[in-house]
Amino acid sequence: MVAQDPSFEPRRDKPKIQWLRSLFRLDRIVSAAESGKSFAYPEDFSLRTYIEGEQAFNFLTEPAVQLSIAFDGNAGNHLKETPMAKDQELEMLSDGRLRVTGTVIPSLKLRWWLRSFGASVEILSPESLREEFAAEYRKLGTRYSQ
């Protein structure tokens with residue numbers, strides 16, 4: 001959630017006057033109560049511009065890709081109930097791994113999510129993302145083999 005406190009004056013040290021806007025993670029909010037106060041959406045604010053310019057959400061503005069990944073064991077079973085994409089497809093491979101395919105935005109959050117599975121996931125496609133991870137893991141392998 002992006003919030004703006006009207007009691008703080010805009011930043012005048014910038015070429016374009018900017019209000020102080022803060023980012024709040026909704027997954028960390030325990031409870032909320034209606035204040036009864038009204039809110040006028042700021043005319044100078046665009047969420048898209050905020051995301052692209054400030055990169056406050058750590059999103060990369062890359063076009064969507066068809067992601068295909070293979071999970072070892074039970075690592076990907078949660079995707080049976082909570083899909084990663086609207087067009088997600090699941091398939092059991094002959095080697096016993098679960099293949100998951102769907103259209104996603106290759107954001108930093110996606111990369112963090114994929115890294116969280118370690119060696120339990122393999123990126124099958126797109127080739128560019130596969131090579132990005134392969135290069136990163138080669139670097140890690142070199143670092144840890146010393």
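**Warm-up**

Glu132 is partly exposed, with 29% of relative accessible area, and this glutamate opens the exercises below. Keep in mind that you're working with a predicted model.

**Exercise 1. Which salt-bridge partner does Glu132 have, and how does the pair sit in the fold?**

Step 1: Look around the carboxylate. The side chain of Glu132 meets that of Arg111 in a salt bridge, at 2.7 Å from N to O.

Step 2: Place both ends. Arg111 belongs to helix 2 and Glu132 to helix 3, with the two positions 21 residues apart in sequence, so the pair links distant parts of the chain.

Step 3: Compare the cover. Partly exposed runs from 20% to 50% relative accessible area, with buried under 20%. Arg111 has 7%, so this arginine is buried, while Glu132 has 29% and is therefore partly exposed.

**Exercise 2. Work out how helix 2 and helix 3 are oriented.**

Step 1: Get the geometry. The axes of helix 2 (residues 108-115) and helix 3 (residues 127-144) come within 12 Å, crossing at roughly 55 degrees.

Step 2: Classify the angle. Under 35 degrees would count as roughly parallel, and 65 to 115 as roughly perpendicular. The crossing angle fits neither class, which means helix 2 is oblique to helix 3.

Step 3: Add the hand. The crossing of helix 2 past helix 3 is right-handed.

**Exercise 3. How many salt bridges does the structure hold, and which residues join into one network?**

Step 1: Take the total, which is 6 salt bridges.

Step 2: Pick out Arg97 and Glu122, whose side chains meet at 2.5 Å, N to O. Arg97 sits in the loop between strand 4 (89-92) and strand 5 (98-104), and Glu122 sits in strand 6 (residues 121-125), so this pair ties together parts 25 residues apart in sequence.

Step 3: Check accessibility for the two. Arg97 is at 16%, so it counts as buried. Glu122 is at 26%, so it counts as partly exposed.

Step 4: Turn to helix 3 again. Glu131 and Arg138 form another salt bridge through their side chains, at 2.6 Å from N to O. Glu131 is partly exposed at 38% relative accessibility, and Arg138 is partly exposed too, at 48%.

Step 5: Follow shared partners. Asp95, Arg97, Glu122 and Arg130 are joined into one network by salt bridges that share partners.

**Exercise 4. Write down the fold as a string of elements.**

Step 1: Count the elements: there are 3 helices and 6 strands.

Step 2: Walk along the sequence. The order is β-β-α-β-β-β-α-β-α.

Step 3: Add the burial figure. The protein has 146 residues, and 23% of them count as buried.

**Exercise 5. Leu67 and Gly102: buried or exposed?**

Step 1: Locate Leu67 in strand 3 (residues 65-71). Its relative accessibility is 0%, so Leu67 counts as buried.

Step 2: Look for sequence-distant company. Leu67 and Glu127 are 60 residues apart along the chain, yet their C-alpha atoms are separated by 9.6 Å.

Step 3: Do likewise for Gly102, which is found in strand 5. At 0% relative accessibility, Gly102 counts as buried. From Gly102 to Glu89 the C-alpha distance is 6.4 Å, with the two positions 13 residues apart in sequence.

**Exercise 6. Which residues form a nonpolar patch on the surface?**

Step 1: List the members. They are Met1, Phe24, Leu26 and Ile29, and together they have about 380 Å² of accessible area.

Step 2: Zoom in on Leu26. This leucine lies in the loop between strand 2 (21-23) and helix 1 (47-54).

Step 3: Test its exposure. Exposed means over 50% relative accessible area; Leu26 has 57%, so it qualifies.

**Exercise 7. Where is the cis peptide bond, and what about Ser7?**

Step 1: Scan omega. The bond from Ser125 to Pro126 is cis, with omega near 10 degrees.

Step 2: Place the proline. Pro126 falls in the loop between strand 6 and helix 3.

Step 3: Move to Ser7, in the loop between strand 1 (2-4) and strand 2. With 60% relative accessibility, Ser7 counts as exposed. The C-alpha atoms of Ser7 and Leu20 are separated by 9.7 Å, and the two residues are 13 apart along the chain.

Key. Residues numbered from 1 in each chain as written. Predicted model: local features only at pLDDT ≥ 70, side-chain atom pairs only at ≥ 80, totals over all residues. Heavy atoms only, no water. Patch = residues over 30% accessible without salt bridge, like charges linked within 9 Å, V, L, I, M, F, W, Y side chains within 5 Å. Areas by Shrake-Rupley, 256 points an atom, 1.4 Å probe, with all protein chains shown as cover. Salt bridge = Lys/Arg side-chain N within 4 Å of Asp/Glu carboxyl O. Helix = DSSP H or I, 4+ residues; strand = E, 2+ residues; numbered from the N terminus. Buried < 20%, exposed > 50% of the residue type's maximum accessible area, 1.4 Å probe, protein only. Axes fitted to C-alpha atoms, helices over the stretch in contact; angles between N-to-C directions. Parallel < 35°, antiparallel > 145°, perpendicular 65-115°, else oblique. Left-handed = near helix turned anticlockwise from the far one by under 90°.
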